[in-house]
Amino acid sequence: MTNSCQTGRQPAAASPAPLTVLRGHQADVTDVKFDALDADLLYSAGADGELRQWSSKARRACLSLRCGSQLLSLLPLPPAAQPATGRRIVSQARDGWLHEWDTRQPAVPLASVRHQQLGFAHAALLGPPLLLALPHEPDHDRRSGVDLVPLPSACPPLVSPDDSAGVTSHERQTVVLHTLWPDGDSCGVPAETSTSQTGMPMALTATDADNSSSRAAAAVVGCVFESGLACIWTCSAGQQQQPDAVSELIGAARLLTECGTSIDLAPPVAAGGGVCGVAASAGAELVKFCVPNADRQVQLLSSTLVSQGGGGLSQCRVRHDSKVVVTGGWDHRVRVQAYSDLRPLAILREHTAPVSCLDLASTSNLIASGSRDRRIALWSVF
């Protein structure tokens with residue numbers, strides 16, 4: 001493991017200017033997402049409840065939706081789940097509402113459910129079949145965990161108050177298929193991690209499982225908690241009728257000394273490589289970890305302190321080729337670092353307020369960063 005404070009090093013190259021800066025949001029930008037089918041399309045969420053679809057080439061918004069309350073995150077559905085025309089996207093609001101939208105009929109959502117949650121962790125999408133990972137609804141035990149719920153359109157409709165009319169709205173019944181808990185003797189996780197000592201789930205991520213490994217599963221889910229604990233589960237999302245067999249906790253460890261703020265999983269690697277990724281904290285820590293297939297322990301591979309005196313990190317993302325990690329910081333900076341050893345490569349300066357969200361294109365080197373300065377910057381690096 002390497003452990004170094006790398007803030008004193010100079011970037012390997014001069015900081016590039018952004019390709020373009022998108023303006024128009026009237027509140028903090030809380031999330032940005034690239035479209036998986038069209039590299040020109042970008043989605044963004046605002047703290048005032050506005051969802052925008054942008055054309056990056058035209059540098060303007062081509063669609064604006066009002067989602068009713070402060071938005072936390074956006075989840076465009078994967079290509080296989082998209083209609084021939086238009087796009088479907090799920091919005092997550094701070095008050096717990098999940099709306100599923102069709103851009104061909106933007107006046108009202110296709111379906112809506114309300115998932116009561118504490119905190120402000122962004123939802124993650126996994127499958128198929130498509131499920132949403134969300135912070136666990138608080139219960140009498142006050143346990144911290146991650147709920148797996150269907151898309152709003154896959155939830156049963158509410159019964160109309162007027163049964164004779166047979167009319168139902170777009171609101172659906174809330175369904176929790178399964179809950180992932182941060183405890184398990186097989187991982188050497190102490191019993192107290194299932195109590196309030198873990199704190200709230202602060203960030204979630206999901207990716208396809210490594211199908212070449214012995215752990216055949218539909219997806220891998222990662223979560224970092226308020227205490228700095230990181231947990232990794234494999235999920236057989238297709239076994240909805242067998243809740244006891246839907247998931248397995250394959251690793252858990254306190255990777256961070258301060259509150260976790262972000263986690264991301266690297267693309268599946270070759271057989272024997274296990275599940276790897278990065279996590280970040282409010283103390284500007286950035287760590288790289290791996291859960292080998294041979295055991296159930298999270299291994300800390302490398303760590304670094306990204307910035308000193310400038311606050312923490314809000315986001316960390318691994319690029320599709322597993323060559324670089326991109327972080328967004330409270331110090332208004334976007335940083336690019338080598339995934340192999342977390343050494344700094346570039347500092348991107350454009351924002352005038354904390355960077356609140358990041359996304360990396362799935363087929364190119366494009367980076368989108370959103371900020372509390374209400375702007376979105378697009379970058380192309382390395």
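**Note on strands, salt bridges and side-chain contacts**

1. Ser314 lies in strand S23. The model is a predicted one, and the remarks below should be read with that in mind. Ser314 is buried, its relative accessible area being 13%. A polar atom of the Ser314 side chain comes to 2.4 Å from the backbone oxygen of Val355. The cut-off for a polar contact is 3.5 Å between N or O atoms, and this pair lies within it at 2.4 Å.

2. Strand S23 belongs to an open sheet of four strands, in the order S23-S24-S25-S26, and the pairing is antiparallel. Strand S23 (313-318) and strand S26 (344-349) are the edge strands, each pairing on one side only. From one strand to the next the twist averages 20°. In general, the strands of a sheet are held in pairs by backbone hydrogen bonds, in either a parallel or an antiparallel sense.

3. Within that sheet, five bridges pair S23 with strand S24 (residues 324-329) in the antiparallel sense. To locate this pairing in the model, start at Arg317, which stands opposite Val326 in S24.

4. Strand S27 covers residues 355-360, and five of its six residues are buried, so the rest of the structure largely encloses this strand. S27 runs antiparallel to strand S28 (residues 366-371), and five bridges join the two. The connection from S27 to S28 is a hairpin of five residues. Leu360 has Ile367 in S28 as its bridge partner.

5. On charged pairs, the count of salt bridges comes to twelve. One of them links Asp31 and Lys33, with 2.8 Å between the closest N and O atoms. Are these two residues buried or exposed? Both Asp31 and Lys33 are buried; the threshold for that label is under 20% relative accessible area.

6. A second pair to inspect is Arg66 with Asp48, a salt bridge whose closest N and O atoms are 3.3 Å apart. Arg66 lies in strand S6 (residues 60-66), while Asp48 sits in the loop between strand S4 (41-46) and strand S5 (50-55), so this salt bridge ties together parts 18 residues apart in sequence. Arg66 is exposed, at a relative accessible area of 53%. Asp48, at 30%, is partly exposed.

7. Asp341 and Arg343 also meet through their side chains in a salt bridge, at 3.0 Å from N to O. Both ends fall in the intermediate class: Asp341 is partly exposed at 32% relative accessibility, and Arg343 is partly exposed at 35%. Elsewhere, Arg88, Glu100, Asp102 and Arg104 are joined into one network by salt bridges that share partners.

8. How many aromatic pairs does the structure hold? The number is zero. A ring does appear in another kind of contact: Lys288 lies over the face of Tyr339, at 4.2 Å from the ring centre. The distance limit for a charge over a ring is 6 Å from the ring centre, and Lys288 lies within it at 4.2 Å.

9. For a check against the model, two places may serve. One is the side chain of Ser314, with the backbone oxygen of Val355 at 2.4 Å from its polar atom. The other is the salt bridge of Asp31 with Lys33, at 2.8 Å between the closest N and O atoms.

Conventions
Residues are numbered from 1 along each chain as its sequence is written. This is a predicted model: local features need pLDDT of at least 70, side-chain atom pairs count only at pLDDT 80 or more; totals for chains, interfaces and linings use all residues. Side-chain values use heavy atoms; hydrogens and water are left out. A salt bridge is a side-chain nitrogen of Lys or Arg within 4 Å of a carboxyl oxygen of Asp or Glu. Buried means under 20% relative accessible area, exposed over 50%, partly exposed in between (1.4 Å probe, protein chains only). Two strands pair if DSSP finds at least two bridges between them. Axes are lines fitted to C-alpha atoms, for helices over the stretch in contact, and angles run from 0 to 180 degrees between N-to-C directions. Rings of Phe, Tyr and Trp (its six-membered ring) pair if their centres lie within 6.5 Å; planes under 30 degrees apart count as stacked, over 60 as edge-to-face and the rest as tilted. A charge sits over a ring if NZ of Lys or CZ of Arg is within 6 Å of the ring centre and within 35 degrees of the ring normal. A polar contact is a pair of N or O atoms within 3.5 Å; within protein, one must be able to donate a hydrogen and the other to accept it, and residues adjacent in sequence count only if both atoms are side-chain atoms.
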